[in-house]
Amino acid sequence: MKILVIPDIHGSHEWKVVKTLSVEEYDYAVFLGDYFDSWENEWPEQGENFKAICDFVREDSEHRKLLLGNHDWSYLSRTPHGAGVSGHQNYHVEEIRNLLTKNRDIIDIAFECEANCLGGKIVFSYAGFSRTWVKFFCNLFDILENDWSISFLNEQWHNLVLNPMSVEFNYNFEELLDWYGLLSGSGNEITQGPLWIRPEALLKDAFYETQIVGHTEL
């Protein structure tokens with residue numbers, strides 16, 4: 001199994017090196033999220049870059065996966081902490097929201113695949129899954145932890161009503177996708193979800209044995 005991992009793009013064009021590879025050279029290419037909020041490439045270049053990424057994924061969506069990061073979610077969330085990320089572009093919220101919603105059909109929260117060399121499954125997400133957060137999720141949707149799955153999570157994500165003018169939305173689920181802690185502003189708490197948790201907290205309470213995440217230089 002050969003998997004290309006492309007994390008934390010933030011407007012960079014470096015991901016395009018993947019386009020120089022033939023499809024036979026990898027099994028999956030997984031973008032971990034954070035396509036916007038760059039300190040190098042300004043708007044509208046960030047938007048054009050994201051469109052190019054989406055076009056690339058749509059060419060082979062079975063083997064190219066697009067995941068959501070907290071900087072992307074910040075343009076969709078309607079909770080008090082939704083836009084609480086550094087570099088949030090207040091003047092381009094509507095444009096970025098439209099880009100994300102237009103391509104939402106190919107954006108997931110997480111991706112899971114078999115990894116025989118590691119002896120089991122491997123889970124990709126922007127920040128990772130703690131046992132505590134998975135328990136919160138199961139309580140919210142009234143399911144047993146044994147019934148938890150990445151596919152069920154992605155299904156609920158795609159069911160969210162993201163129209164900012166709509167009153168029909170799952171506020172509690174949106175809160176779970178936001179910064180969800182009490183003490184750490186950086187996300188270093190086991191209560192944080194797959195768009196926020198930091199490695200130190202994740203390692204203390206990891207739900208999956210093998211997880212690949214972005215979100216940090218560590």
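In which loop does Asp37 lie? Asp37 is in the loop between β2 and α1. Phi of Asp37 is near 65 degrees, a positive value in a residue other than glycine. With a relative accessibility of 1%, Asp37 counts as buried. The model described here is a predicted one.

**The chain as a whole**

The secondary structure comprises seven helices and seven strands. Read from the N terminus, the order of elements is β-β-α-β-α-α-β-β-β-α-α-α-α-β. The radius of gyration of the chain is 17 Å, close to the 17 Å that the globule rule gives for 218 residues, so the chain is as compact as a globular protein of that length. Along the principal axes, the C-alpha atoms fill a box of roughly 45 × 45 × 30 Å.

Of the 218 residues, 51% count as buried. The accessible surface of the chain is about 11100 Å², and carbon and sulfur atoms hold 49% of that surface. Among contacts with a separation of 6 or more, 69% are between residues 24 or more positions apart.

**The four-stranded sheet**

Strands β1, β2, β3 and β4 form an open sheet in the order β1-β2-β3-β4, with parallel pairing. The strands β1 (3-6) and β4 stand at the edges with a single partner strand each, so one side of each has no neighbour in the sheet. In general, strands of a sheet pair through backbone hydrogen bonds, either parallel or antiparallel. The pairings in this sheet are listed below.

| Strand pair | Sense | Bridges | Residues opposite each other |
|---|---|---|---|
| β1 and β2 | parallel | four | Leu4 and Ala29 |
| β2 and β3 | parallel | three | Ala29 and Arg64 |
| β3 and β4 | parallel | two | Leu67 and Asp108 |

Ala29 of β2 thus appears in two of these pairings: Ala29 is the bridge partner of Leu4, and Ala29 also stands opposite Arg64 in β3.

How are the faces of β2 covered, and by which residues is this shown? Both faces of β2 are covered: Tyr28 and Val30 are buried on one side, and Ala29 and Phe31 are buried on the other. In a regular strand, the side chains alternate between the two faces of the sheet.

**Helices α1 and α3 beside the sheet**

Helix α1 lies across β2 (28-31), β3 and β4, and runs at about 140 degrees to β3. The helix α1 (45-58) also takes part in covering the buried residues of α3, as do α2 (70-73) and β4 (107-108).

Which residues of helix α3 are buried? In α3, which spans residues 93-102, these are Ile96, Arg97, Leu99 and Leu100. Seen down the axis of α3, the buried residues fall within an arc of 160 degrees, so they line one face of the helix. Glu94 and Lys102, on the other side of α3, are exposed. Arg97 is thus listed with the buried residues of α3, whereas Lys102 is exposed.

**Helix α4 and its cover**

Helix α4 covers residues 131-140, and its buried residues are Thr132, Trp133, Val134, Phe137 and Cys138. The elements that cover these buried residues include α5 (150-159) and α6 (171-177). After α4 comes Asp142, with a positive phi near 55 degrees.

**Backbone features in the loops**

The loop between β2 and α1 holds Pro44 as well as Asp37. A cis peptide bond joins Trp43 to Pro44, with omega about 10 degrees.

Asp8 is in the loop between β1 and β2. The phi of Asp8 is positive, about 45 degrees, although the residue is not a glycine. Is Asp8 buried, partly exposed or exposed? The relative accessible area of Asp8 is 24%, so Asp8 is partly exposed; the cut-off for buried is under 20%. Asp37 has 1% relative accessibility and counts as buried.

Technical notes
Residues numbered from 1 in each chain as written. Predicted model: local features only at pLDDT ≥ 70, side-chain atom pairs only at ≥ 80, totals over all residues. Heavy atoms only, no water. Buried < 20%, exposed > 50% of the residue type's maximum accessible area, 1.4 Å probe, protein only. Arc of directions from axis to C-beta. Contact = heavy atoms within 4.5 Å. Pairing = 2+ DSSP bridges. Axes fitted to C-alpha atoms, helices over the stretch in contact; angles between N-to-C directions. Rg over C-alpha atoms; globule rule 2.2 N^0.38 Å. Areas by Shrake-Rupley, 256 points an atom, 1.4 Å probe, with all protein chains shown as cover.
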